[in-house]
Amino acid sequence: AGWEPVSHWELGEHMGSYDDRRVRLFDLYATRRCHQPAAQSSGFPCGGECGFGQLKRAATAAEVAPFLQARASGEAAMAMQVGPLMHGLTTFLAGEHRDPSVELLYFSGHDTTLMPLLVALGVWEAEGVDGVWPPYASTVLFSVWRAESSSSTEGVRAPVAPEEVVLVEYNGRELVLPACAEPCTPTALREGLAGLALTEEAWLQRCSDANAANVHAKSA
């Protein structure tokens, strides 16, 4: 709504994987541009840019709308979008239930996986993200840095436990999370995002409860 259709948007009607034809067609265009760079100059299928920029803005608005609505509804609604991912991420960074030999946790997803994560972290509108559809091969990187330090008493230097801080980057650009004031420690990050984290079991139970409530409402 509010966007003037561009040429060949009707092609999106033939792609049945998405609910919104703007998102369907954007996926088609973006995939072609990524895998066939020459298509950026020839366009697809109508020559030139074929309204790609306008289509990208419209598709982004359509795709991110339910995530923004969930955020506005509160943490419980947002947790249904990102709960298990947030739980796994924050517990790993805090060092809980982690094999000491494991230093890297890798999540593979989609652009539409990153969008709710960026919204949940409160950085969707931040500089460097700018409310724009994540580019191809985008990455959100959480890294834990440890600063070795020491204190001295009467000339004797005594070791002090190293302080760990979390650095968050999106496509190589550092982000400051509203939920975790700097310096953002793993514990502070977990506490700040606790309302968004759900174990898989808790998430499945909420889904089951919501489905049962919908069935009851329809039968009433």
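Helix α5 (111-120), taken like the other helices from DSSP runs of H or I of at least four residues and numbered from the N terminus, is mostly covered, with seven of its ten residues buried (under 20% relative accessible area with a 1.4 Å probe, protein chains only). These are L114, M115, P116, L117, L118, V119 and A120. Just after α5, G122 adopts a positive phi of about 80°. The model is a predicted one, in which local features need pLDDT of at least 70 and side-chain atom pairs count only at pLDDT 80 or more, while totals for chains, interfaces and linings use all residues. Numbering runs from 1 along each chain as its sequence is written, and side-chain values use heavy atoms, with hydrogens and water left out.

Turning to α1 (21-35), the buried residues are R22, V23, R24, L25, F26, Y29, A30 and R33. At 1.5 Å a residue, the 15 residues of α1 should span 21 Å, and the end C-alpha atoms are indeed 21 Å apart; the expected span is 1.5 Å times one less than the number of residues.

A residue that links back to α5 is V140, which touches L114, L117, L118, V168, E169 and Y170, not counting residues up to four places away in sequence (contact: heavy atoms within 4.5 Å).

The lining of the largest pocket is made up of 27 nonpolar, 13 polar and eight charged residues, where Ala, Val, Leu, Ile, Met, Phe, Trp, Tyr, Cys and Pro count as nonpolar, Asp, Glu, Lys and Arg as charged, and the others, Gly among them, as polar. A pocket here is an open set of points on a 1 Å grid over the protein atoms alone where a 1.4 Å probe fits, with protein on both sides within 12 Å along at least five of seven lines, and lining residues have an atom within 4 Å of a point.

Technical notes. Helices (H or I, at least four residues) and strands (E, at least two) are DSSP runs, numbered from the N terminus. Buried means under 20% relative accessible area, exposed over 50%, partly exposed in between (1.4 Å probe, protein chains only).
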